[in-house]
Amino acid sequence: MEDCVFCKIVRKEIPKEFRYEDDAIVAFDDIRPQADIHVLFTPRKHIDAFESLKDDKILASVRTGMQKVVRETKLVGRGYKILVFAGGAQIIDHLHFHLIGPIGLRV
């Protein structure tokens, strides 16, 4: 989608360092973090809602990417949340997943 901020990040029109990327998704730090670790995982392809998601590879990539970031940021055993923003519940109309942690503890 032309005006979508996440699509512009995927196309590298907006510079962003990726914490994880593969052929299905990219992951990068949230611009307004709610915790020490707050990473967004979004499909490379513009998908506006979870119910529009047809490609199981995207969910597999999100799982792989999140597990890698959880290990790399030492969130294992420290508590974290995984949230899905889609279908009108998000500010940016592009399916994305939040990894937020540690929960209840600022390091």
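In the predicted model, Glu-72 is partly exposed, with a relative accessible area of 46%. The side chain of Glu-72 forms a salt bridge with Lys-68, and the closest N and O atoms of this pair lie 2.5 Å apart. Both residues belong to helix H2, where a spacing of four residues, about one turn of the helix, separates them. Lys-68 is likewise partly exposed, at 29% relative accessible area.

The pair in H2 is one of five salt bridges found in a search of the whole structure. Another joins the side chains of Arg-44 and Glu-21, with an N to O distance of 2.7 Å. This contact links distant parts of the chain, since Arg-44 is in the loop between E3 and H2 whereas Glu-21 is in strand E1, 23 residues apart. Arg-44 is partly exposed, with a relative accessible area of 25%, and Glu-21 is also partly exposed, with a value of 40%. A further salt bridge connects Asp-23 with Lys-57, the closest N and O atoms again being 2.7 Å apart. Here too distant parts of the chain are linked: Asp-23 is in the loop between E1 and E2, Lys-57 is in helix H2, and 34 residues separate them. Asp-23 is exposed, with a relative accessible area of 57%, while Lys-57 is partly exposed at 39%.

Strand E1, which contains Glu-21, is part of an open sheet of five strands in the order E1-E2-E3-E5-E4, with antiparallel pairing. Strand E1 (18-21) and strand E4 (81-85) stand at the edges and have a single partner strand each, so one side of each is left without a neighbour in the sheet. On average, neighbouring strands of this sheet are turned by 20 degrees against each other, direction ignored.

E1 and strand E2 (residues 25-29) are paired in the antiparallel sense over three bridges. These two strands form a hairpin, with three residues between them. Within this pairing, Tyr-20 stands opposite Ala-27 in E2. On pairing with E3, E2 forms five bridges, again in the antiparallel sense; Leu-40 in E3 is the bridge partner of Phe-28. Four of the five residues of E2 are buried, so this strand is largely enclosed by the rest of the structure.

Outside the sheet, Phe-50 is found in the loop between strand E3 (37-43) and helix H2 (56-72). Phe-50 is partly exposed, with a relative accessibility of 40%. Together with Leu-59 and Val-84, Phe-50 forms a nonpolar patch on the surface, and the accessible area of the three residues together is about 240 Å². Gly-77 is placed in the loop between H2 and E4 and is exposed, with a relative accessible area of 81%. The C-alpha atoms of Gly-77 and Pro-102 are separated by 9.0 Å, although the two residues are 25 residues apart along the chain.

A search of the whole structure finds zero disulfides. The cysteine sulfur closest to that of Cys-4 belongs to Cys-7, and the distance of 3.7 Å is too far for a bond, because a disulfide requires sulfur atoms within 2.5 Å. Cys-7 is accordingly in no disulfide. Cys-4 counts as buried at 6% relative accessibility, and Cys-7 is buried as well, with a relative accessible area of 4%.

Definitions and conventions: Residues are numbered from 1 along each chain as its sequence is written. This is a predicted model: local features need pLDDT of at least 70, side-chain atom pairs count only at pLDDT 80 or more; totals for chains, interfaces and linings use all residues. Side-chain values use heavy atoms; hydrogens and water are left out. Buried means under 20% relative accessible area, exposed over 50%, partly exposed in between (1.4 Å probe, protein chains only). Patches are made of residues with over 30% relative accessible area and no salt bridge: like charges are joined within 9 Å, nonpolar side chains (Val, Leu, Ile, Met, Phe, Trp, Tyr) within 5 Å. Accessible areas come from the Shrake-Rupley method with a 1.4 Å probe; for residues, only the protein chains shown count as cover. A salt bridge is a side-chain nitrogen of Lys or Arg within 4 Å of a carboxyl oxygen of Asp or Glu. Two strands pair if DSSP finds at least two bridges between them. Axes are lines fitted to C-alpha atoms, for helices over the stretch in contact, and angles run from 0 to 180 degrees between N-to-C directions.
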